[in-house]
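Reader: Please walk me through this model, one question at a time. I would like the cut-offs alongside the terms.

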Amino acid sequence: MSYLDQYGAVGDTIGGISSPITGLAGVILLFLALTAQLRANALTQQAVDAEARKEAQQRDAAHLQQLYAFMDENVGQFTYDKPTTGEATPERLHGRRAIRQYIDDIEDLGIDLHDLETLLKRDGVREILGVLEIAKQAFIKIENADTDPIDKEFYAALVKHVLLYSVFPYTDLEASDVLTLAVCNECGQPHGNYPPAIFDRLQDLKRFF
């Protein structure tokens, strides 16, 4: 068995050479495994972030839809009993037509356009101011929403449409940055037949157009 002794040194040599190589291979494999794990974690996080953003966008879109629907509903529920001559029953108007006619008739109703306290006691004025406040919140939400620009343009167009055909005066809104109507003889401001409380809010909303 003494002849095996000569292979002992060879074995030790091979073991001494292969051991570092094996260790290095293990380190490399560990590094590759950790790198793969990090990539997998990054992909998982990206998927989680994408899902979270998608949910946020869906919430924003739902909120925009709710704001528009609420504003449109408030416009649709607006009623005005237009006075008639003689003993005829007042004509009851609804929605956008009612708002238009109410603003046209407001001076004839014996209301001081500049008396804010009295104006706020009138249901019609309060309702119109409420519609304008909802519209403002809708525009702000549209600007800040994390959603597709096409969706933003869509909802902004819907809100503008309701305002243009219900509350805004018949004027070219694209002609200037501000609304200009007939100058009031009492205050010298160009608010026409609109109460300043309403007209000022229209001026504020004009910046969103």
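Author: Gladly, and let's begin with a term: a disulfide is a pair of cysteine sulfur atoms within 2.5 Å. This is a predicted model, where local features need pLDDT of at least 70 and side-chain atom pairs count only at pLDDT 80 or more, while totals for chains, interfaces and linings use all residues. Residues are numbered from 1 along each chain as its sequence is written, and side-chain values use heavy atoms, with hydrogens and water left out.

Reader: Thanks! How many disulfides does a search of the whole structure find?

Author: Cys184 is a good test, as the closest cysteine sulfur is that of Cys187, at 3.8 Å, which is too far for a bond. Cys187 is in no disulfide either. Over the whole structure, the search gives a count of zero.

Reader: Is Cys184 buried or exposed?

Author: Buried means under 20% relative accessible area, exposed over 50%, and partly exposed in between, with a 1.4 Å probe and protein chains only. Cys187, at 31%, is partly exposed. Cys184 has a relative accessibility of 12%, so the class for Cys184 is buried.

Reader: In what order do the elements of the protein chain run from the N terminus?

Author: Helices (H or I, at least four residues) and strands (E, at least two) are DSSP runs, numbered from the N terminus. The protein chain has six helices and two strands. From the N terminus on, the order is α-β-β-α-α-α-α-α.

Reader: On to helix packing: how are α2 and α4 oriented to each other?

Author: Two packed helices are described by the angle between their axes and the distance between the axes. Axes are lines fitted to C-alpha atoms, for helices over the stretch in contact, and angles run from 0 to 180 degrees between N-to-C directions. Under 35 degrees counts as roughly parallel, over 145 as roughly antiparallel, 65 to 115 as roughly perpendicular and the rest as oblique. The axes of α2 (residues 95-105) and α4 (residues 123-144) come within 11 Å and cross at roughly 125°, so the two helices are oblique.

Reader: Which residues of α2 and α4 make that contact?

Author: Contact means heavy atoms within 4.5 Å. From α4 come Gly124, Val125 and Ile128, and from α2 come Ile99, Tyr102 and Ile103.

Reader: How are α4 and α6 oriented to each other?

Author: Their axes are 10 Å apart, at an angle of about 15°. That makes α4 and α6 roughly parallel.

Reader: And how many nonpolar residues does the contact of α4 with α6 have?

Author: Ala, Val, Leu, Ile, Met, Phe, Trp, Tyr, Cys and Pro count as nonpolar, Asp, Glu, Lys and Arg as charged, and the others, Gly among them, as polar. Residues of α4 including Leu132 and Phe139 meet residues of α6 including Ile198 and Leu202. The contact has three charged residues and no polar ones, and the nonpolar count is 10.

Reader: Which helices do the buried residues of α6 pack against?

Author: In α6 (residues 196-206), the buried residues are Pro196, Ala197, Ile198, Phe199, Leu202, Leu205 and Lys206. Their packing partners are α3 (116-119), α4 and α5.

Reader: One last check: is Glu153 buried or exposed?

Author: Glu153 sits in α5 (residues 149-164), and its C-alpha atom is 8.4 Å from that of Ile142, 11 residues apart along the chain. With a relative accessible area of 58%, Glu153 is exposed.
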